[in-house]
Amino acid sequence: MSKINGTLYCVYDGSDKILHTETATLNVDVDLPETTNKESAGWEMHEVDGKRSWSIDFSGLYDEAGTGITPDEILGKIIARSLDVTAYFKPTSGSTKGWTGAGKYKNIKIEASAEAPNKFSGQIISNGALSAVS
């Protein structure tokens, strides 16, 4: 069984990496409308033709510097209502598969705790299909 180092996977806004992330999570969901009826003998049933969606959650250490996308730039996009992003969840190198899709920034949170490094977290939500990239 092969293992993939999670450090390789990053979130990208187009060709620019979201900088200083510690975690990145790709979420893929399908809505399963319930179709339970009197003939299902008391068992719940679901239809598989529901809506699909995806999102990417990310978090990291807040820093204003670097070549890539910073939390300040994401905040600026949200303020300007320039939310569109071609999002990538992919490794920085190697032949491991990644995924891409059109999305929108949903939020950015900047956390400032006493005697601790500032952190940030955010989310990109789907605005269309998700597809594999290599």
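Which residues of the largest nonpolar core touch the most other members? In this predicted model, they are Val11, Ile18, Ile56, Phe58, Ile74, Tyr105 and Ile124, out of 15 residues in that core. The legends below begin with the whole chain and then turn to close-up views.

**Figure 1. Overview of the predicted chain, with its elements in order.** The chain has 1 helix and 7 strands, and from the N terminus on these elements run β-β-β-β-α-β-β-β. The C-alpha trace spans about 60 × 35 × 30 Å along its principal axes, and the radius of gyration of the chain is 18 Å, whereas a compact globule of 134 residues would have a value near 14 Å. Of the contacts in the chain with a separation of 6 or more, 66% are accounted for by residues 24 or more positions apart. Buried residues make up 25% of the 134 residues, and the accessible surface comes to about 8,800 Å², with 49% of it belonging to carbon and sulfur atoms. The chain carries 13 positive and 18 negative charges, and the mean positions of these two sets are 4 Å apart.

**Figure 2. The largest nonpolar core and the contacts of Ile18.** The core holds 15 residues, and among those that touch the most other members are Val11, Ile18, Phe58 and Tyr105. At least two residues of this core come from each of the strands β1 (9-13), β4 (52-61), β5 (84-91), β6 (98-111) and β7 (119-133). In soluble globular proteins, nonpolar side chains tend to be buried together. When neighbours within four places in sequence are left aside, Ile18 is in contact with Val11, Tyr12, Phe58, Ile69, Ile74, Tyr105, Phe120 and Ile124.

**Figure 3. Phe89, a buried residue of strand β5.** Phe89 lies in strand β5, and its relative accessibility is 9%, which is why Phe89 counts as buried, the cut-off being under 20%. Leaving aside residues within four places in sequence, the contacts of Phe89 include Tyr9, Cys10 and Val11, and also Ala24, Thr25 and Leu26. Ile56, Gly98 and Trp99 are likewise in contact with Phe89. Although Phe89 and Lys17 are 72 residues apart along the chain, their C-alpha atoms are separated by 9.8 Å.

**Figure 4. Asp84, an exposed residue of strand β5.** Asp84 also lies in strand β5, but with a relative accessible area of 51% this residue is exposed, because the cut-off for that class is over 50%. Not counting residues up to four places away in sequence, Asp84 touches Gly103, Lys104 and Asn127. Asp84 and Thr70 are 14 residues apart along the chain, and their C-alpha atoms are separated by 16 Å.

**Figure 5. Ala102 and its surroundings in strand β6.** Ala102 has its place in strand β6 and a relative accessibility of 39%, so this residue counts as partly exposed. Apart from neighbours within four places in sequence, Ala102 is in contact with Trp54 and Val85, as well as with Ile125, Ser126, Asn127, Gly128 and Ala129. Glu44 is 58 residues from Ala102 in sequence, and the two are 34 Å apart in space, C-alpha to C-alpha.

**Figure 6. Arg52, an exposed residue in strand β4.** Arg52 has its place in strand β4, and with a relative accessible area of 73% this residue is exposed. With residues up to four places away in sequence not counted, Arg52 touches Asp29 and Val30. Arg52 and Leu130 are 78 residues apart in sequence, while the distance between them in space is 9.5 Å, C-alpha to C-alpha.

**Figure 7. Two loop residues with positive phi values, His20 and Ala41.** His20 is found in the loop between β2 (16-17) and β3 (21-30), where its phi is near 60°, a positive value in a residue other than glycine. At 36% relative accessibility, His20 counts as partly exposed. Ala41 is found in the loop between β3 and β4, and this residue has a positive phi of about 55° although it is not a glycine. Ala41 has a relative accessibility of 65% and therefore counts as exposed.

Key
Residues numbered from 1 in each chain as written. Predicted model: local features only at pLDDT ≥ 70, side-chain atom pairs only at ≥ 80, totals over all residues. Heavy atoms only, no water. Helix = DSSP H or I, 4+ residues; strand = E, 2+ residues; numbered from the N terminus. Rg over C-alpha atoms; globule rule 2.2 N^0.38 Å. Buried < 20%, exposed > 50% of the residue type's maximum accessible area, 1.4 Å probe, protein only. Contact = heavy atoms within 4.5 Å. Areas by Shrake-Rupley, 256 points an atom, 1.4 Å probe, with all protein chains shown as cover. Lys, Arg positive; Asp, Glu negative; His and termini not counted. Charge placed at Lys NZ, Arg CZ, Asp CG, Glu CD. Core = buried A, V, L, I, M, F, W, Y, C linked by side-chain atoms within 4.5 Å.
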